[in-house]
Amino acid sequence: MAIDTVFEMHGARAAVAGGMTHIEEQVKALELAVVQNTGLAFDLAKTLIESVCKTIITERGGTFENDDELPRLFKQATQTIPFLPPSMSTDAAARKSLLQTLNGLSTAVQGVCELRNAFGFASHGADAPRSAMEGVQALLAAQAADAIVGFLHRVHRQDLSRPRSVPLEYEDNPE
């Protein structure tokens, strides 16, 4: 059973507007799938998170294997982004709280992967008809993907836009 309303992603659309234009078709397809093809929504939610993780890893100079699973890509992407502001980098309580929150996102990523494997439209084939999830479960997977993608993108871009201190050189001007 599909959802009767329109679903629009916000975090993922911010990532598209912020430079990740290559995920725009995935975003549009996921928005439609939530309403029209719940099984496909699970596949696309996983694919969208995977694309953003790979982009972040690549833009930060990292590498990954083509067969790396999404939980591994998510962990690698989150390890390359400084989540704490520089002014709080030594705050142990803030670090602990943030790590707990990131662990929750990691659990959500794992859940999206498992939903995709069990109920995805285009995943792993099946030897017999299987039960289908309804629109509300597809909406959950899509909203989780949207929150994860939006958060990762914002932290990634925020860090890249921070001014870097450049050492001053006085060679050109003796004064």
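Leaving aside neighbours within four places in sequence, which residues is Thr78 in contact with? Figure 2 has the reply; everything shown comes from a predicted model.

**Figure 1. The whole chain: a run of six helices and zero strands.** Read from the N terminus, the elements simply go α-α-α-α-α-α. Of the 175 residues in the protein, 38% are buried. The accessible surface comes to about 10,400 Å², and carbon and sulfur atoms account for 54% of that. Take the contacts between residues at least 6 apart in sequence, and 67% of them turn out to join residues at least 24 apart.

**Figure 2. Thr78 and its contacts away from the local sequence.** Here's the reply to the opening question: once neighbours within four places are set aside, Thr78 touches Phe83, Leu102 and Leu152. Thr78 itself sits in helix α4. With a relative accessible area of 13%, Thr78 falls under the 20% cut-off, so it counts as buried. One of its partners, Leu152, is also listed among the residues with the most contacts inside the largest nonpolar core.

**Figure 3. The largest pocket, with about 320 Å³ of space.** Thr78 turns up again in this view: together with Gln79, Phe83, Leu99 and Leu102, it lies nearest the pocket's centre. The full lining runs to 15 residues. By class, that's eight nonpolar, five polar and two charged. Helices α4 and α5 each put in at least two lining residues, and α5 gives the most, with six.

**Figure 4. The largest nonpolar core, a set of 41 residues.** If you want the best-connected spots, go for Ile23, Leu30, Leu48, Ile49, Cys53 and Leu152, which have the most contacts inside this core. Each of these helices supplies at least two core residues: α1 (11–17), α2 (24–36), α3 (38–59), α4 (70–80), α5 (92–119) and α6 (135–161). The top contributor is α3, with ten residues.

**Figure 5. A close-up on Ile23, one of the core residues with the most contacts.** Skip the neighbours within four places in sequence, and Ile23 is still in contact with Ala12, Ala15, Val16, Leu48, Ser51 and Val52. Leu48 shares the honour of being listed among the residues with the most contacts inside the core.

**Figure 6. Val34 and Glu134, 100 residues apart in sequence.** In space, the C-alpha atoms of this pair are 9.3 Å apart. Val34 belongs to helix α2. How does its accessibility come out, buried or exposed? Val34 is buried, because its relative accessible area is just 1% and the cut-off is under 20%.

**Figure 7. Ser131 and Met133 in the loop between α5 and α6.** Both residues are shown with Phe119 as the reference point. Ser131 is twelve residues from Phe119 along the chain, and their C-alpha atoms are separated by 7.6 Å. For Met133 and Phe119, the gap is 14 residues in sequence and 6.9 Å in space, again C-alpha to C-alpha. As for accessibility, Ser131 comes in at 60%, over the 50% cut-off, so it is exposed. Met133 has 22% relative accessibility, which lies between the 20% and 50% limits and therefore makes it partly exposed.

Key. Residues numbered from 1 in each chain as written. Predicted model: local features only at pLDDT ≥ 70, side-chain atom pairs only at ≥ 80, totals over all residues. Heavy atoms only, no water. Core = buried A, V, L, I, M, F, W, Y, C linked by side-chain atoms within 4.5 Å. Buried < 20%, exposed > 50% of the residue type's maximum accessible area, 1.4 Å probe, protein only. Helix = DSSP H or I, 4+ residues; strand = E, 2+ residues; numbered from the N terminus. Contact = heavy atoms within 4.5 Å. 1 Å grid on protein atoms, 1.4 Å probe; cavity = no way out; pocket = protein on both sides within 12 Å on 5 of 7 lines; lining within 4 Å. Points joined across faces, edges and corners; volume = space filled by probe spheres on them. Nonpolar A, V, L, I, M, F, W, Y, C, P; charged D, E, K, R; others polar. Areas by Shrake-Rupley, 256 points an atom, 1.4 Å probe, with all protein chains shown as cover.
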